[in-house]
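Reader: I am new to this structure and should like to understand the terms used to describe it. Would you explain the reasoning behind each one?

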Amino acid sequence: MSSSERLAVLRYEPNGFRVIAPGTHVKCAVSGELIQLEVLRYWSAEHQEAYASCALATKRLAENG
């Protein structure tokens, strides 16, 4: 990670997300993996979490019932 890369703060919504504080990536709530914003596809508006993959999102949402 270069010094120009930083963690973004997002507001996750049902059909997208809003950038609250600019950055280049977010962390997956399950794996801790860094997710570049341009490839972020999975999140929960209810839990305000990002996920690195469909499988990780499914796993987390199944745990939360």
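Author: The exchange below takes up several descriptions in turn and sets each against its criterion. Please bear in mind that the model is predicted.

Reader: Why is Cys28 called buried?

Author: Buried means under 20% relative accessible area. Cys28 has 4% relative accessibility, so the residue counts as buried.

Reader: Which residues is Cys28 in contact with, leaving aside its neighbours within four places in sequence?

Author: With those neighbours left aside, the contacts of Cys28 are Glu33, Ile35, Ala50, Tyr51, Ala52 and Leu56.

Reader: What makes a group of residues here the largest nonpolar core, and which residues belong to it?

Author: A nonpolar core requires buried residues of certain kinds, Cys among them, joined through side-chain atoms within 4.5 Å. The largest such set has 10 residues: Ala8, Leu10, Tyr12, Val26, Cys28, Ile35, Leu37, Leu40, Ala50 and Leu56.

Reader: Why does the sulfur of Cys28 form no bond with that of Cys54?

Author: A disulfide needs two cysteine sulfur atoms within 2.5 Å. The closest cysteine sulfur to that of Cys28 is in Cys54, at 12 Å, which is too far for a bond. The count of disulfides therefore comes to zero under the 2.5 Å limit.

Reader: Is Cys54 buried, exposed or partly exposed, and how do you know?

Author: Partly exposed covers the range between the limits of 20% and 50%. Cys54 has 42% relative accessibility and therefore counts as partly exposed.

Reader: What makes Phe17 and Trp43 an aromatic pair, and which kind of pair do they form?

Author: The count of aromatic pairs comes to two. Phe17 and Trp43 form one that is edge-to-face, with 5.4 Å centre to centre and 85° between the planes. Ring centres must lie within 6.5 Å, and planes over 60 degrees apart count as edge-to-face, so both values satisfy the rule. Phe17 lies in strand β2 and Trp43 in strand β5, so the pair ties together parts that are 26 residues apart in sequence.

Reader: Which residues make up the cluster linked by ring pairs?

Author: Tyr12, Phe17 and Trp43 are linked by ring pairs into a cluster. Phe17 is partly exposed, with a relative accessible area of 28%, and Trp43 counts as partly exposed as well, at 24% relative accessibility.

Reader: How do you know that strand β1 and strand β2 pair, and in which sense?

Author: Pairing calls for at least two bridges between the strands. Strand β1 (residues 9–13) and strand β2 (residues 16–21) have five bridges and pair in the antiparallel sense. Across this pairing, Leu10 stands opposite Val19, and Arg11 stands opposite Arg18. β1 and β2 form a hairpin, with two residues between them.

Reader: Which residues of β1 lie on its covered face, and which on its uncovered one?

Author: Leu10 and Tyr12 form the covered face of β1, whereas Val9, Arg11 and Glu13 form the uncovered one. Leu10 and Tyr12 also belong to the largest nonpolar core.

Reader: Why is Glu49 called buried?

Author: Glu49 has 18% relative accessibility, and the limit for buried is under 20%, so Glu49 counts as buried. Glu49 is found in strand β6 (residues 49–51). Not counting residues up to four places away in sequence, Glu49 touches Tyr12, Ala29, Trp43, Ser44 and Arg60.

Reader: What makes the approach of the side chains of Glu49 and Tyr51 a polar contact?

Author: The limit for the pair of N or O atoms is 3.5 Å. The side chains of Glu49 and Tyr51 make a polar contact at 2.7 Å.

Reader: Where is His25, and is His25 buried or exposed?

Author: His25 has its place in strand β3 (residues 25–27). Its relative accessible area is 3%, so His25 is buried. The side chain of His25 makes a polar contact with the side chain of Thr24 (2.9 Å), and a polar atom of the His25 side chain lies 3.4 Å from the backbone oxygen of Arg6.

Reader: What is noted about Gln48, and where is Gln48 found?

Author: Gln48 has a positive phi of about 55° although it is not a glycine. Gln48 is found in the loop between β5 and β6 and is partly exposed, with a relative accessible area of 27%.

Technical notes: Residues are numbered from 1 along each chain as its sequence is written. This is a predicted model: local features need pLDDT of at least 70, side-chain atom pairs count only at pLDDT 80 or more; totals for chains, interfaces and linings use all residues. Side-chain values use heavy atoms; hydrogens and water are left out. Buried means under 20% relative accessible area, exposed over 50%, partly exposed in between (1.4 Å probe, protein chains only). Contact means heavy atoms within 4.5 Å. Helices (H or I, at least four residues) and strands (E, at least two) are DSSP runs, numbered from the N terminus. A polar contact is a pair of N or O atoms within 3.5 Å; within protein, one must be able to donate a hydrogen and the other to accept it, and residues adjacent in sequence count only if both atoms are side-chain atoms. Rings of Phe, Tyr and Trp (its six-membered ring) pair if their centres lie within 6.5 Å; planes under 30 degrees apart count as stacked, over 60 as edge-to-face and the rest as tilted.
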